[in-house]
Amino acid sequence: AKLDSLLKLESNKLFNTNLFITSVVQYEATNYKQITLKVKLLEKWYLYALPVLDVADRNFNEWWQDRDRDLNRLEYGFNFRKLNFRGRNETLKVDFRWGFNHKVKLGYSVPYVNKKRTLGLSTFFEYLNNHNIPYQTESNKLAFLNTESSVRKRVRWNVTATSRKSFYASHSLRAGLEYE
């Protein structure tokens, strides 16, 4: 009597692994004592590499109107994501940006590091280098401090440990360093 709701729950568990776009669990009764389960899965794409072109200002309108569409204020680079890295639902993230600001972001996540599949780890690193920063507003517009040398450098790194005692309960602890 509870088979339909149980199969829906199991289908949701498969979907929540973040490995599949769709998951459908169905059954057929072969006789009154036996059923046959059919599991239909459609896997996600695991590799994403996207170019990035962005303005360094708060928004596009500010760049277009207040900064006179200055091409030197553009940031360009790429975002790279590798999902299910090494076949263990790990995630590798790499983001690089050059141009007006220089940014490097690296991330790596392992959902399970023990045999019981209750502990996970992830780490994140970011480097940012700015050559100008806003320091005040003049007539409702940002005024920037411009120099040839670096005005601001930021380095961030953190590690997150995740404990998952049951399917629907998890706890995380994060520790990190930030230098600016």
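# Report on a predicted protein model

The charged end of R73 sits over the ring of F144, 4.8 Å from the centre of that ring. This contact belongs to a predicted model, and the report moves from its overall build to its sheet, its hairpin, its aromatic rings and two individual residues.

## Overall build

The protein contains 2 helices and 11 strands. Read from the N terminus, these elements follow the order α-β-β-β-α-β-β-β-β-β-β-β-β. The radius of gyration is 24 Å, well over the 16 Å that the globule rule gives for 180 residues, so the protein is more spread out than a compact globule. Along the principal axes, the C-alpha atoms fill a box of roughly 80 × 35 × 30 Å.

Of the 180 residues in the protein, 22% are buried. Among the contacts with a separation of 6 or more, 36% are made by residues 24 or more positions apart.

## The open sheet

An open sheet is formed by 7 strands, arranged in the order β3-β4-β5-β6-β7-β10-β11, and its pairing is antiparallel. At its edges stand β3 (47-55) and β11 (169-179), each of which pairs on one side only. From one strand to the next, the twist averages 10°.

The edge strand β11 is joined to strand β10 (residues 152-166) by 10 bridges, and the two run antiparallel. Within this pairing, W157 stands opposite L177 in β11.

In general, the side chains of a regular strand alternate between the two faces of the sheet.

## The hairpin of β1 and β2

Strand β1 (residues 20-31) and strand β2 (residues 34-43) run antiparallel and are joined by 10 bridges. The hairpin that connects β1 to β2 passes through 2 residues. In this pairing, F20 stands opposite E43 in β2.

## Aromatic rings

The structure holds 7 aromatic pairs. A pair of aromatic rings is described by the distance of the centres and the angle of the planes. Two of the pairs are set out below.

| Pair | Arrangement | Centre to centre | Angle between planes |
|---|---|---|---|
| F85 and Y108 | edge-to-face | 6.2 Å | 90° |
| F96 and W98 | stacked | 5.9 Å | 10° |

The pair of F85 and Y108 links distant parts of the chain: F85 lies in strand β4 (residues 74-85) and Y108 in strand β6 (residues 102-110), 23 residues apart. F85 counts as partly exposed because its relative accessibility is 25%, and Y108 is likewise partly exposed at 25%.

In the stacked pair, F96 has a relative accessibility of 24% and therefore counts as partly exposed. W98, with a relative accessibility of 38%, is also classed as partly exposed.

Elsewhere, F60, W63 and W64 form one aromatic cluster. One ring of this cluster also has a charged neighbour: R69 lies over the face of W64, at 4.6 Å from the ring centre. A further arginine placed over a ring is R73, whose charged end sits 4.8 Å from the centre of F144.

## Two buried residues

Why does S11 count as buried? S11 lies in helix α1 (residues 3-15). The relative accessibility of S11 is 6%, and residues under 20% are classed as buried, so S11 falls in that class. Apart from neighbours within four places in sequence, S11 is in contact with S23, V24 and V25. These three contacts bring helix α1 and strand β1 together, as S11 belongs to helix α1 (residues 3-15) and β1 spans residues 20-31.

G107 lies in strand β6, the strand that also holds Y108. With a relative accessible area of 12%, G107 is buried, whereas Y108 is partly exposed at 25% relative accessibility. Which residues does G107 touch, when those up to four places away in sequence are not counted? G107 touches T91, L92, K93, T123 and F124. The C-alpha atoms of G107 and N84 lie 14 Å apart in space, and the two residues are 23 apart in sequence.

Technical notes: Residues numbered from 1 in each chain as written. Predicted model: local features only at pLDDT ≥ 70, side-chain atom pairs only at ≥ 80, totals over all residues. Heavy atoms only, no water. Pairing = 2+ DSSP bridges. Helix = DSSP H or I, 4+ residues; strand = E, 2+ residues; numbered from the N terminus. Axes fitted to C-alpha atoms, helices over the stretch in contact; angles between N-to-C directions. Phe/Tyr/Trp six-rings, centres within 6.5 Å; stacked < 30°, edge-to-face > 60°. Buried < 20%, exposed > 50% of the residue type's maximum accessible area, 1.4 Å probe, protein only. Lys NZ or Arg CZ within 6 Å of the ring centre and 35° of its normal. Contact = heavy atoms within 4.5 Å. Rg over C-alpha atoms; globule rule 2.2 N^0.38 Å.
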